[in-house]
Amino acid sequence: MARWSKTLDEGMAMGRLGALVKFAAVAGPTVWKVVQTFGPTLTRLRRENPEVFGAVEKQVRKLAEARQAGKSPDALRRRISALRDQVAYLRASADDEGERRRAEAWRVQLDKIEASLPLLGAMSTKVAARERAHVDQRIDELSAEILAAFIDEQDEDARQLER
């Protein structure tokens, strides 16, 4: 019975990892690449620190849900909002001035992207579509950078708490 229980627990944990991978695929190729790169770290976190794994999974899920909403200004704002959550965490848990500056630079970039969204309504349909694609690509790039830092910082913070 104990062996079956252990197998069931492992299966449920693998299910959570599988869900994270599915969310990452929906969130886009850059997020997928980050999750793939951090696979060993995420596997360890799932096993050793499920709360931290859950925090990462939640952020990836938010990115996926926002990306599924499309490229409308509101959908792009949702993606920016998901990234803002991660940047806020990175800023609050920064260990040195370099990390704080990096988080602040991401915040400024997100602010600029968000400030550009109202201008889409003043553009012709063709120009607005091209600009939305550009903004979408820029958000993808930032998603990869910010998510990688978020996973790394979550892992680092969890290790410090264990000491």
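What percentage of the 163 residues of the chain count as buried? The figure is 37%, where buried means under 20% relative accessible area, exposed over 50%, and partly exposed in between, with a 1.4 Å probe and protein chains only.

**Before selecting anything**

This is a predicted model, in which local features need pLDDT of at least 70 and side-chain atom pairs count only at pLDDT 80 or more, while totals for chains, interfaces and linings use all residues. Residues are numbered from 1 along each chain as its sequence is written, and side-chain values use heavy atoms, with hydrogens and water left out.

**Whole chain**

Show the full chain as a cartoon. It has seven helices and zero strands, so the pattern read along the sequence is α-α-α-α-α-α-α. Helices (H or I, at least four residues) and strands (E, at least two) are DSSP runs, numbered from the N terminus. The C-alpha trace spans about 65 × 35 × 20 Å along its principal axes. Take contact to mean heavy atoms within 4.5 Å. Of the contacts between residues at least 6 apart in sequence, 73% join residues at least 24 apart.

**Colour by confidence**

Colour by pLDDT, the predictor's confidence in each residue, from 0 to 100. The chain average is 89, and 91% of the residues score at least 70. Select helix H6 (residues 97–116) for the highest confidence, at a mean of 97, and helix H1 (residues 2–27) for the lowest, at 61. Then select residues 1–14, where the pLDDT is below 50. Beyond near neighbours in sequence, this stretch has two contacts in the model. Where pLDDT is low, the predicted coordinates should not be read in detail.

Staying in H1, pick alanine 19. Alanine 19 counts as partly exposed, at 23% relative accessibility. Add arginine 61, which is 42 residues from alanine 19 in sequence and 8.9 Å from it in space, C-alpha to C-alpha.

**Helices H3 and H4**

Two packed helices are described by the angle between their axes and the distance between the axes. Here the axes are lines fitted to C-alpha atoms, for helices over the stretch in contact, and angles run from 0 to 180 degrees between N-to-C directions. Angles under 35 degrees count as roughly parallel, over 145 as roughly antiparallel, 65 to 115 as roughly perpendicular and the rest as oblique.

Select H3 (residues 39–48) together with H4. Their axes come within 6 Å and cross at roughly 130°, so H3 and H4 are oblique to each other. Show side chains for Leu42, Leu45, Arg46, Arg47 and Glu48 of H3, and for Pro50, Val52, Phe53 and Val56 of H4, which make the contact. By class, the contact has six nonpolar, no polar and three charged residues. Ala, Val, Leu, Ile, Met, Phe, Trp, Tyr, Cys and Pro count as nonpolar, Asp, Glu, Lys and Arg as charged, and the others, Gly among them, as polar.

**Helices H4 and H5**

Keep H4 (residues 50–68) and add H5 (residues 73–92). How do these two helices run relative to each other? Their axes come within 8 Å and cross at roughly 170°, so H4 and H5 are roughly antiparallel. The crossing is left-handed, meaning that the near helix is turned anticlockwise from the far one by less than a right angle, whereas clockwise would be right-handed. On the H4 side the contact is made by Gln59, Lys62, Leu63, Glu65, Ala66 and Arg67. On the H5 side it is made by Ala75, Arg78, Arg79, Ala82, Leu83, Asp85 and Gln86. Sorted by class, this contact has five nonpolar, two polar and six charged residues.

**Helices H5 and H7**

Now hide H4 and show H7 beside H5. These two pack at an angle of about 25°, with their axes 9 Å apart, which makes H5 roughly parallel to H7. Their crossing is left-handed. The residues of this contact divide into 14 nonpolar, three polar and six charged.

Within H7 (residues 125–162), select aspartate 136. Buried or exposed? Aspartate 136 is buried, with a relative accessible area of 7%. Leaving aside neighbours within four places in sequence, aspartate 136 is in contact with Arg67, Lys71, Leu76 and Arg79.

**Last stop: helix H6**

Select lysine 112 in H6. Lysine 112 is exposed, with a relative accessible area of 60%. Its C-alpha atom is separated by 11 Å from that of isoleucine 80, 32 residues away along the chain. Finish with valine 108, also in H6. Valine 108 is partly exposed, at a relative accessible area of 30%. The C-alpha atoms of valine 108 and alanine 55, 53 residues apart along the chain, are separated by 24 Å.
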